[in-house]
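Hi there,

Here is the structure we talked about handing over. Have a look at it first, and my notes follow below.

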Amino acid sequence: MKMAGAQAMMEVLRREGVEVIFGYPGGSLLPIYDVLYDTKDIRHILVRHEQGAAHAADGYARASGKVGVCMATSGPGATNLVTGIATAAMDSVPIIAITGQVPTFAIGKDAFQEADITGITMPITKHNYLLTEAADIPRVFKEAFYIASTGRPGPVLIDFPRDVQQAELEFEYPDRVELPGYRPTLEGHPKMIERAAELIDAAERPLIYGGGGVNAAGAQAELVELAERAGIPATMTLMGKGGFPEDHELCLGMPGMHGTAYANYALHEADVIIAVGTRFDDRVTGKLDMFARSAKFVHIDIDPAEIGKNVLPTLPIVGDVKRVLGELVKKVARAKHSQWHDTVAGWKQQYPMGWKGDGLKPQFIIQEIHRATKGEAVIVTEVGQNQMWAAQWYPCREVRQFISSGGLGTMGYGLPAAIGAKVARPDKAVWDIAGDGSIQMNIQEMATAVQGKIPVKIAVLNNGYLGMVRQWQTLFFKNRLSQVDLAVGTPDFVKLAEAYGAVGLRVMEESEVRGAVEKAMAVDDRPCLIDFAVARDENVMPMVPAGGTVDDMLVD
Amino acid sequence: MKHTISVLVNNRPGVLARTAGLFARRGFNIDSLAVSTTQDPDVSRMTIVVEGPDAVLEQISKQLYKLMDVIKVLDHQDEAVVNRELALIKVDASPAVRGEIMQTVSIFRANIVDVSDRTFTIEVTGSADKVDALTGLLSKYGIREMMRTGRIVLSRGAPTA
């Protein structure tokens, strides 16, 4: 069948099961937007800044497990996607970014709105393409979806010049991809799995340390089975949150800089650590050569390059986490490790999570949101104190329930990602836990949510500070607060929400929290923002200072 | 220690930038790099000389494999290889030293490929050591300009890829 490039793209998206595109039009995308005008089966959500499109596609992908699609025009549209693409790359999120490009004859001539976006995004994409021939469109798009969603997922960018969008091609959809250099290993090596089981069986103080790979692979059931069978407590990273149900008695919460004290002590004392779909990030390990010094490691990951990158494991297993765990659980012996569990329980008792003092506390607010949503909401966060409190105080039971920019730590991620997550999961309440700093970095996406009738909830923990930086300055720079006071100039968020046509609520005191959260839960046709005037000087605790060890941990 | 690796890649625009960019952003230093097409016009072969401990080399190889256009990575550390480098050396050659230079060139089985009234341009092919040795000897006459191709390597015997 003959068709134009732009139509061919839409046809491929349809065949790949795409339901929604987050995008923003522009000169180099006019042929595509003209085709969109007649497209009824793929929803287009008009963002207000291209960065929002990339984050929304990312939030959609994390919440659904499908590939998220975003689109922006050439030049500034494309460069505005960059932060969102880098965010997705760091957290291994499958998105396809489609960028308009100036016509092929103008490329390299510094044409109006030209930017070398394939060059710019080379280090932050799993792969990228510059389409120069219309005939390549079906193959390139098919490969892009395959690459983004298989192996270790990641972003793929397709730069699509305007003349190629208009050129005619004979549409033939390839039934398979041919990528000789790309064959992800899915099955773990049986011998290695056997030896890992032996190592686990011989352990006295085993510990599971799980990461984002557990969420990506949907391996919760296998992980829980392993833990229960062999009597192994589990600590899950920020990215792995929900990969092990946090109301499970074996769950120790989050490790690392703002992890629970008992998870960090367990890492320090464990003799065998089963690292699952995780990359030994510095926010978890602290000082690397002091990290988990008594432990031998089994490291299971789909990306061979993660094995030995930071920590050299005793037993590396490359493969899909779900499949490897499925095999491993058959090989390990039943065990109890009662003494080890007593030790861990002792730490839990000695160093419980909590907070001190009076006033409207962010921790309390998140607990109330947890209560009102029965622990079933999809929680999206911004970055900073709000993110850490959300991780600490909203226990999750399911995979893909907690969505946060872990690797890149992108402020402004939360609102657009929440929009994407709500589009993916209309059945779920979706809350963006925000700070007054972060929310202002992509506040324009309120308009997107209003126009798209996307009823996300936004909890702004408003302390008038760039809180996490303020915390570091307080603790490590003699309280010399440099450029962190946002109080003057921050808008009245209630009025702002109303100006956008959303619902705005304000909470000044603890007693008002529950009512406001319940009121927000009842709004179902537009976004609802609650401005919480929280205690200004609250710190996130516990805290292991950067590059520190468990011995340096501050508890209050 | 120095490693010589061969990287077979798709012969497409941008692949050199992807590969070189990877070395730069992961903090791996390239000593030399040579690229050309192979017997298969769709495949290019890069010979890259890098310095680093084995663990770093393993990480380089794994990171290279993550590039979609990389088909195969070979570390030639433990195998017999033929390695060659070509250099062009323009050296001051006043009448008084011409004979001496020509003798040196002949000992190295090198060639004089261009002559002017003040210079010789010498072409030499061989291992990096041989090229080093010749440039060392010629340096006393004054090397005006020099260009080396970087090492290229094939393993001996039946092909590995």
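Before the first result, a word on terms: a cavity here is a set of grid points where a 1.4 Å probe fits but cannot get out, whereas a pocket is an open set. Please also keep in mind that this is a predicted model.

**The cavity**

With that definition, how many cavities of 30 Å³ or more does a search of the whole structure find? The search finds 1. The space in the largest cavity comes to about 180 Å³. Its lining is made up of 20 residues, and the closest to the centre are A:Val284, A:Thr285, A:Phe291, A:Thr549 and A:Val550. If you want to find the place by secondary structure, look for α12 (261-269) and α13 (282-285) of chain A, the elements that give two or more residues to this lining. Of these, α13(A) gives the most, with 4 residues. By class, the lining of the largest cavity has 10 nonpolar, 8 polar and 2 charged residues.

**Where the chains meet**

Next, the interface between chain A and chain B. On the chain A side, 14 residues are in contact with 13 residues of chain B. About 1300 Å² of area is buried between the two chains, and carbon and sulfur atoms give 55% of that.

Which side chains meet in a salt bridge here? They are those of A:Asp303 and B:Lys66, at 2.5 Å from N to O. The count of salt bridges between chain A and chain B is 1. As for the make-up of the surface, the side of chain A that touches chain B has 7 nonpolar, 3 polar and 4 charged residues. In addition, 5 residue pairs are in polar contact across the interface, with both residues at pLDDT 80 or more.

**A pocket with both chains in its lining**

The salt-bridge pair turns up again in the second largest pocket, which has a volume of about 1100 Å³. Among its 36 lining residues, those nearest the centre are A:Arg152, A:Asp303, B:Arg26, B:Gln63 and B:Lys66. The elements that give two or more residues to this lining are α5 (82-90) from chain A, and α1 (15-25) and α2 (54-65) from chain B. By class, the lining of this pocket divides into 16 nonpolar, 8 polar and 12 charged residues.

If you open the model at one spot, try A:Asp303 and B:Lys66: their side chains form the salt bridge, and both residues are among those nearest the centre of the second largest pocket.

Best wishes

Conventions: Residues numbered from 1 in each chain as written. Chains lettered and ligands numbered in written order. Predicted model: local features only at pLDDT ≥ 70, side-chain atom pairs only at ≥ 80, totals over all residues. Heavy atoms only, no water. Contact = heavy atoms within 4.5 Å. Buried area = accessible area lost by both parts, 1.4 Å probe. Salt bridge = Lys/Arg side-chain N within 4 Å of Asp/Glu carboxyl O. Polar contact = N/O pair within 3.5 Å; in protein donor to acceptor, adjacent residues only side chain to side chain. Nonpolar A, V, L, I, M, F, W, Y, C, P; charged D, E, K, R; others polar. 1 Å grid on protein atoms, 1.4 Å probe; cavity = no way out; pocket = protein on both sides within 12 Å on 5 of 7 lines; lining within 4 Å. Points joined across faces, edges and corners; volume = space filled by probe spheres on them.
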